[in-house]
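The exercises below are meant to be worked through slowly, with the sequence and the model open beside the text. Try each task before reading the solution that follows.

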Amino acid sequence: MLENYFPILVFLGVGIFIGLAPLALGRLLGPHKPDAEKNSPYECGFNAYEDARMPFDVRFYLVAILFIIFDLETAFLVPWAVIIHKMSWLAFFGMGVFLLLLLIGFIYEWKKGALEWE
Amino acid sequence: MNLSQAIIELIWIVLGIIAIIVPVMIGVLAFTYAERKVLAFMHVRIGPNRVGPFGFFQPLADAIKLLHKEIIIPAVADKFIFILAPVLSIAPALAAWAVIPFAQGWVLANINAGILYVLAMTSFGAYGILLSGWASNSKYALFGSLRSAAQMVAYEIAMGFALIGVMLAAGSLNLSQIVLAQSGGIWHWYWLPLLPLFVVYLISGVSETNRAPFDVAEGESEIVAGYHVEYGGMAFGVFFLAEYSNMLLISALVSLFFLGGWLSPLQGIPGLETWFAWVPGVIWFLIKIIFFSFLYLWLRATFPRYRYDQIMRLGWKVLIPITLIWIVVVAVAARFNLPPWW
């Protein structure tokens, strides 16, 4: 069972190596002459006005929160979907109730304007 | 199991990984060449034609050029995360290939939770992009990565829901079993019974890989190059490799989930089926991957870039309702064994 996952672990290691190897090669083969102008952040030619880590739009947080709700729902749906032919009717319609609640929540978000990007 | 056996097994696993990664990398190189040629022909241009016959060695020349460019690390950047980000974006893009069945039994890790693993790996790519934008400490990079992260999470919901439909139809999370559940000819592949989910998956796949017409994360005409504006040389090259292997991966996944993977399209047609019985399954799989890869380029040449609010509207207000409705339809059809498919 679990040993099936061992090749995946090795594959991830190889993937990390394939990411690091070109970086190391590039560092070895390429020139390395840093100066203050070259190392300044890019901002269309002039010096950067301020730190880039300024406040950004709160809607990005909203999208992230909505994503967590819906992704959790996907996680609940997965085991239900796989045993669709084997489960009891209670389980089948139980998920129907769950989907209905979620649908109501989705309509509420929509009406509240949480999905609007002007 | 003693030590020498374990080492031998490890060597076999590494050989298997090499047997997957080398064709993927060749595919990526061929894809970058194909992209420039196809786009050129669609624009009635010639495209690269200087390096080798028909410019065929252009990708190799590009790789050598990138290797000899300086990797600039901005002074205000978070150096460790700045280096980590490209690695974080390519490692999952390659590792996802571990569970892809290339033909009957040709799979490195035949795990039961294949779909979940693939979903995890494709969404892991968001970390690479998000961290690169944050670590660069540049405004354009931060905007690009924020846009990309919000876009990816929005389309990932639609993608996950579309896959729920595939699970309902196949009754399994194992990719090989999903393909086998589609056997019986082209009309039994899931593109037809799950047509809306197929379209949704295709669109969200293009959006997940940040490709045109959803490439606002890079948007060269508004935010220069987005999340990789501060990356140069091979640090950019690694992002580039990750993006193209992700596109190949999405093409492979669409073929597996909706177009019957390695199954022959001639199954069930008398005469033709036996004539083409000698064609190995991996060839059919390759043809399907190439078709969807070509679709990526076709989309890029055809459609202008979407506005960001249009992208979010499409993701939240169109794709998610469609998938929600179709999950209910598929669930009822599967439960009651409705003809013609269940």
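**Exercise 1.** How many of the 14 residues of helix 7 of chain B are buried, and what follows for the way the helix is enclosed by the rest of the structure?

*Solution.* Keep in mind that this is a predicted model. Begin with the extent of the helix: helix 7 of chain B covers residues 195-208 and reaches 20 Å from its first C-alpha to its last, close to the 20 Å expected at 1.5 Å a residue. Next apply the cut-off, by which a residue is buried if 20 or more other C-beta atoms lie within 10 Å of its own. Among the residues of helix 7 of chain B that pass this test are L197(B), F198(B), Y201(B) and E208(B). The full count is 10 of the 14 residues, so helix 7 of chain B is largely enclosed by the rest of the structure. As a last step, look for the partners: the buried residues of this helix pack against helix 4 (114-136), helix 5, helix 9, helix 11 (281-302) and helix 12 of chain B.

**Exercise 2.** Which helix of chain B gives the most to the side of chain B that touches chain A?

*Solution.* First take the contact as a whole, to which chain B brings 62 residues and chain A brings 50 residues. Then list the elements of chain B that give two or more residues to its side, namely helix 1 (3-42), helix 3 (79-95), helix 5 (139-170), helix 9 (233-258) and helix 12 (308-335). Of these, helix 5 of chain B gives the most, with 13 residues. Sorting the side of chain B by class gives 45 nonpolar, 10 polar and 7 charged residues.

**Exercise 3.** Is W117(A) buried, partly exposed or exposed, and which residues does W117(A) touch?

*Solution.* Locate the residue first: W117(A) lies in the segment after helix 3 (89-112) of chain A. Counting its neighbours gives 15 other C-beta atoms within 10 Å, and W117(A) is therefore partly exposed, since that class lies between 12 or fewer for exposed and 20 or more for buried. Leaving out residues up to four places away in sequence, W117(A) touches R59(A), Y308(B), D309(B) and M312(B).

**Exercise 4.** What separates the centres of domain 1 and domain 2 of chain B?

*Solution.* Chain B is divided into domain 1 (1-68) and domain 2 (75-335), and their centres, taken over C-alpha atoms, are separated by 19 Å. Their contact takes 16 residues from domain 1 of chain B and 15 residues from domain 2 of chain B.

How values were computed: Residues are numbered from 1 along each chain as its sequence is written. Chains are lettered from A and ligands numbered from 1 in the order in which they are written. This is a predicted model: local features need pLDDT of at least 70, side-chain atom pairs count only at pLDDT 80 or more; totals for chains, interfaces and linings use all residues. Two residues are in contact if their C-beta atoms, placed from the backbone, lie within 7 Å. Helices (H or I, at least four residues) and strands (E, at least two) are DSSP runs, numbered from the N terminus. Ala, Val, Leu, Ile, Met, Phe, Trp, Tyr, Cys and Pro count as nonpolar, Asp, Glu, Lys and Arg as charged, and the others, Gly among them, as polar. The expected span of a helix is 1.5 Å times one less than its number of residues. Domain bounds come from an automatic or database domain assignment.
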